[in-house]
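Here's a quick tour of a structure, told mostly through who touches whom. Keep the viewer open while you read.

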Amino acid sequence: MNIRKAVLQEHSKRQAEMIARVAGENKNKFKELMQCYLSDDYVLAQRAGYSVSIAGTQNPSLVFPYINDQVEILTKDDVHLAVKRNSLRI
């Protein structure tokens with residue numbers, strides 16, 4: 001699965017859960033999801049946020065390498081509120 005394409009394909013709970021399941025089972029896929037989440041592309045980051053939140057809640061060890069990125073997101077003004085909300089949730 002191409003995570004970026006999947007994130008942009010459909011914006012739904014079902015799609016987010018499917019992406020989270022795939023990314024949660026594979027560190028490389030989770031890295032791909034995090035690249036979407038940390039992207040400067042406003043829509044891409046917003047849509048990836050829910051999947052990151054689900055996968056990170058189910059498998060916190062996946063998120064640990066990205067903790068500093070999560071904290072940095074909270075200090076930015078030009079980040080979608082959904083991205084900040086999901087960073088806080090994680």
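Where helix 2 meets helix 3, the residues involved are Ile19, Val22 and Ala23 on the helix 2 side and Lys29, Phe30 and Leu33 on the helix 3 side. Sorted by class, that contact has five nonpolar residues, one charged residue and no polar ones. Keep in mind that this is a predicted model.

As for geometry, helix 2 covers residues 13-24 and helix 3 covers residues 27-37, and their axes come within 6 Å of each other. The crossing angle is roughly 130 degrees. The pair therefore counts as oblique, because angles have to be over 145 degrees to pass as roughly antiparallel.

**The core**

Which residues have the most contacts inside the largest nonpolar core? They are Val7, Phe30, Leu33 and Tyr37, in a core of 23 residues. At least two core residues come from each of helix 1 (3-9), helix 2, helix 3, helix 4 and helix 5 (60-63). Helix 4 gives the largest share, with six residues. As a general background note, nonpolar side chains in soluble globular proteins tend to be buried together.

Leu33 is a good residue to click on. Leaving out residues up to four places away in sequence, Leu33 touches Ile3, Val7, Ile19, Ala23, Ala48, Ser51 and Val52. Two of those names, Ile19 and Ala23, already turned up on the helix 2 side of the contact with helix 3.

**Some buried residues with polar side chains**

Ser51 sits in helix 4, which spans residues 42-58. Is Ser51 buried or exposed? Its relative accessibility is 0%, so Ser51 is buried. With residues up to four places away in sequence set aside, the partners of Ser51 are Ala16, Ile19, Ala20 and Leu33.

Gln15 is part of helix 2. Its relative accessibility is 4%, so Gln15 also falls into the buried class. Once residues up to four places away in sequence are ignored, Gln15 touches Ala6, Gln9 and Glu10.

Gln70 is found in helix 6. At 5% relative accessibility, Gln70 is buried, because the class takes in values under 20%. What does Gln70 touch, not counting residues up to four places away in sequence? The list is Met34, Tyr37, Val52, Val63, Ser87 and Ile90. Tyr37 in that list is also one of the residues with the most contacts inside the core. For a sense of distance, Gln70 and Gln9 are 61 residues apart in sequence, with 25 Å between their C-alpha atoms.

**Ile73**

Helix 6, residues 67-75, also holds Ile73. Its relative accessible area is 6%, so Ile73 is buried. Beyond residues up to four places away in sequence, Ile73 touches Tyr37, Leu38, Val79, Val83, Lys84 and Ser87. Tyr37 and Ser87 appear among the partners of Gln70 as well. From Ile73 to Lys27 there are 46 residues along the chain, and their C-alpha atoms are separated by 21 Å.

**Salt bridges**

How many salt bridges does the structure hold? There are three, and here they are with their N to O distances.

| Pair | N to O distance |
|---|---|
| Arg14 and Glu10 | 3.2 Å |
| Glu32 and Lys29 | 3.6 Å |
| Lys76 and Glu72 | 3.8 Å |

Start with the pair of Arg14 and Glu10. Arg14 is exposed, at a relative accessible area of 55%, whereas Glu10 is partly exposed at 28% relative accessibility. Glu10 is also one of the residues that Gln15 touches.

Glu32 and Lys29 both belong to helix 3, and because they are three residues apart there, about one helical turn separates them. Glu32 counts as partly exposed, with 21% relative accessibility. Lys29 is a name you have met before, since it is among the helix 3 residues that meet helix 2.

That leaves Lys76 and Glu72. Lys76 has 31% relative accessibility and so counts as partly exposed. Glu72 is partly exposed too, with a relative accessible area of 43%.

Conventions: Residues are numbered from 1 along each chain as its sequence is written. This is a predicted model: local features need pLDDT of at least 70, side-chain atom pairs count only at pLDDT 80 or more; totals for chains, interfaces and linings use all residues. Side-chain values use heavy atoms; hydrogens and water are left out. Axes are lines fitted to C-alpha atoms, for helices over the stretch in contact, and angles run from 0 to 180 degrees between N-to-C directions. Helices (H or I, at least four residues) and strands (E, at least two) are DSSP runs, numbered from the N terminus. Angles under 35 degrees count as roughly parallel, over 145 as roughly antiparallel, 65 to 115 as roughly perpendicular and the rest as oblique. Contact means heavy atoms within 4.5 Å. Ala, Val, Leu, Ile, Met, Phe, Trp, Tyr, Cys and Pro count as nonpolar, Asp, Glu, Lys and Arg as charged, and the others, Gly among them, as polar. Buried means under 20% relative accessible area, exposed over 50%, partly exposed in between (1.4 Å probe, protein chains only). A nonpolar core is a set of buried Ala, Val, Leu, Ile, Met, Phe, Trp, Tyr and Cys residues joined through side-chain atoms within 4.5 Å. A salt bridge is a side-chain nitrogen of Lys or Arg within 4 Å of a carboxyl oxygen of Asp or Glu.
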